[in-house]
Amino acid sequence: MTRLSDSLVEFIGMQLDDYDRELLEKTGFTLKQIACFAAGINESEFQNFATSCKVAVIPITSGKGLIKGFSSAVRVIINHLGCGDVFITKKLDVAGLAEAVEGGAKIIFLADDNQFVAINLYRRKVVDNAEATGRGYVVALEGLKKGLDGESVLVIGGGRVGESAVCALQERGAKVAVFDIDQGKVINLKRKYEIIPEENLDDALSRYSVLFDASPACGIVKPEHIRSDTVVAAPGIPPGLTTEAHLLIGSRIIHDPLQIGVATMYAMALTENNPIRR
Ligand code: 2YJ
């Protein structure tokens with residue numbers, strides 16, 4: 001899993017309105033709508049839950065330590081979705097957790113270098129960023145492509161985000177192929193889902209125009225793979241496109257470091273529903 005960096009998160013708060021406008025132009029959905037669709041709730045239900053729900057973000061120093069701007073980016077994203085009652089704990093780690101609970105938080109957000117979770121303390125529900133990111137980006141891809149039913153989609157990367165995407169893509173009627181440099185991950189996914197395993201990435205990229213890039217590799221999607229109808233959902237950090245491929249694809253790509261994942265975590269943590277699982 002790629003660790004986020006200060007520079008990736010520092011401007012998220014300042015640019016969130018522009019980000020949301022661009023998302024709407026590309027996908028037809030706002031960030032809130034993407035989160036709600038991914039979590040399986042409607043916007044008014046979301047609003048009802050959100051107004052009565054205090055949220056705390058707890059900075060965590062373990063591993064490589066704090067990422068400057070990470071907690072405030074998470075806070076601003078949740079604020080942007082309509083929750084006015086979000087605070088970052090002044091204390092860190094365990095003391096921060098105690099402060100969050102004593103301060104009446106119903107949902108807490110916390111991340112170390114390996115895992116990023118939202119926990120609804122009242123419902124005893126844990127939402128993992130990887131699962132939420134996969135589900136949120138599938139909704140964004142659906143908007144970008146104007147529907148995924150019957151579409152063939154290549155998922156690059158069979159890790160936690162990739163698996164969540166496979167599951168959500170199949171729920172939306174897509175035919176899903178998976179490539180991972182570690183073919184063992186593809187074999188494991190094939191045991192659980194009806195996927196088409198791909199062994200050669202270059203060859204696969206020449207045949208698919210709907211791509212879900214859940215891999216941390218860069219420079220794998222090249223200009224020759226980009227067709228006029230190619231669309232890409234790229235939650236992986238960095239995105240797998242070369243600079244030239246990125247220029248060619250123009251606005252037919254969704255990529256952000258945190259926004260869709262955090263928004264979807266929040267919506268999933270608020271609701272009682274669990275998205276359909278196998
Ligand atoms: O609290 C802090 O400032 C840090 N402990 C944040 C650590 C953030 N964690 C990561 O960057 C992980 N690799 C998970 C990020 C998942 C984003 N898709």
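**Figure 1. Strand 6 and its neighbour strand 7 in the predicted model.** Strand 6 and strand 7 (residues 175-179) run in the parallel sense and are joined over 5 bridges. One bridge links I156 with F179 in strand 7. V155 has V178 of strand 7 opposite it. Of the 5 residues of strand 6, 4 are buried, so the rest of the structure largely encloses this strand.

**Figure 2. The parallel sheet of 6 strands.** Strand 6 and strand 7 belong to an open sheet whose strand order is 8-7-6-9-10-11. The pairing in this sheet is parallel. Strand 8 (196-198) and strand 11 are the edge strands, and each of them pairs on one side only.

**Figure 3. Surroundings of I220, in the loop between strand 9 (210-213) and strand 10 (231-233).** Is the side of the chain at I220 buried or exposed? I220 counts as buried because its relative accessibility is 17%, which is under the 20% cut-off. Leaving aside residues up to four places away in sequence, I220 touches I156, L201, L205, D213, S215, H225 and G240. One of these contacts, I156, is the residue whose bridge partner in strand 7 is F179. P239 is 19 residues from I220 along the chain, and the C-alpha atoms of the two are separated by 9.2 Å.

**Figure 4. The cis peptide bond between I237 and P238.** Most peptide bonds are trans. The bond that joins I237 and P238 is cis, with omega at about -5°. P238 is placed in the loop between strand 10 and helix 11 (243-249).

**Figure 5. The mixed sheet of 5 strands.** What is the strand order in this sheet? The order is 2-1-3-4-5, in an open sheet with mixed pairing. At the edges are strand 2 (86-88) and strand 5 (125-128), each paired on one side only. From one strand to the next, the twist averages 20°. Helix 6 (residues 93-102) packs on this sheet and touches strand 1 (55-58), strand 2 and strand 3 (107-111). The direction of helix 6 makes about 175° with that of strand 1. Helix 12 (residues 259-270) lies across strand 1, strand 3, strand 4 and strand 5. Its direction runs at about 25° to strand 4.

**Figure 6. Strand 4, strand 5 and the loop between them.** Strand 4 (residues 116-120) pairs with strand 5 in the antiparallel sense, over 4 bridges. I119 has V126 in strand 5 as its bridge partner. R124 sits in the loop between the two strands, strand 4 and strand 5. Most residues other than glycine have a negative phi. R124 is not a glycine, yet its phi is positive, about 50°. R124 counts as exposed because its relative accessibility is 76%, and the cut-off for exposed is over 50%.

**Figure 7. K146, in the loop between helix 7 (129-145) and strand 6 (152-156).** K146 is not a glycine but has a positive phi of about 60°. Is K146 buried or exposed? With a relative accessibility of 66%, K146 counts as exposed. The loop that holds K146 leads to strand 6, the strand that has 4 of its 5 residues buried.

**Figure 8. E43 and its contacts.** E43 is part of helix 4 (residues 43-51). Its relative accessibility is 35%, so E43 counts as partly exposed. Not counting residues up to four places away in sequence, E43 touches K32, Q33 and C36. E43 and Q33 are 10 residues apart in sequence, and their C-alpha atoms are 6.9 Å apart in space.

**Figure 9. The second largest pocket.** Rolling a probe the size of a water molecule over the atoms shows where empty space is left. The volume of the second largest pocket is about 340 Å³. How many residues line this pocket? The lining has 17 residues, and Y19, H255, D256, P257 and Q259 lie nearest the centre. Helix 1 (6-9), helix 2 (16-27) and strand 11 (253-254) are the elements that give two or more residues to the lining. Helix 2 supplies the largest share, 6 residues. By class, the lining of the second largest pocket is made up of 9 nonpolar, 4 polar and 4 charged residues.

Conventions:
Residues numbered from 1 in each chain as written. Predicted model: local features only at pLDDT ≥ 70, side-chain atom pairs only at ≥ 80, totals over all residues. Heavy atoms only, no water. 1 Å grid on protein atoms, 1.4 Å probe; cavity = no way out; pocket = protein on both sides within 12 Å on 5 of 7 lines; lining within 4 Å. Points joined across faces, edges and corners; volume = space filled by probe spheres on them. Nonpolar A, V, L, I, M, F, W, Y, C, P; charged D, E, K, R; others polar. Pairing = 2+ DSSP bridges. Axes fitted to C-alpha atoms, helices over the stretch in contact; angles between N-to-C directions. Contact = heavy atoms within 4.5 Å. Buried < 20%, exposed > 50% of the residue type's maximum accessible area, 1.4 Å probe, protein only.
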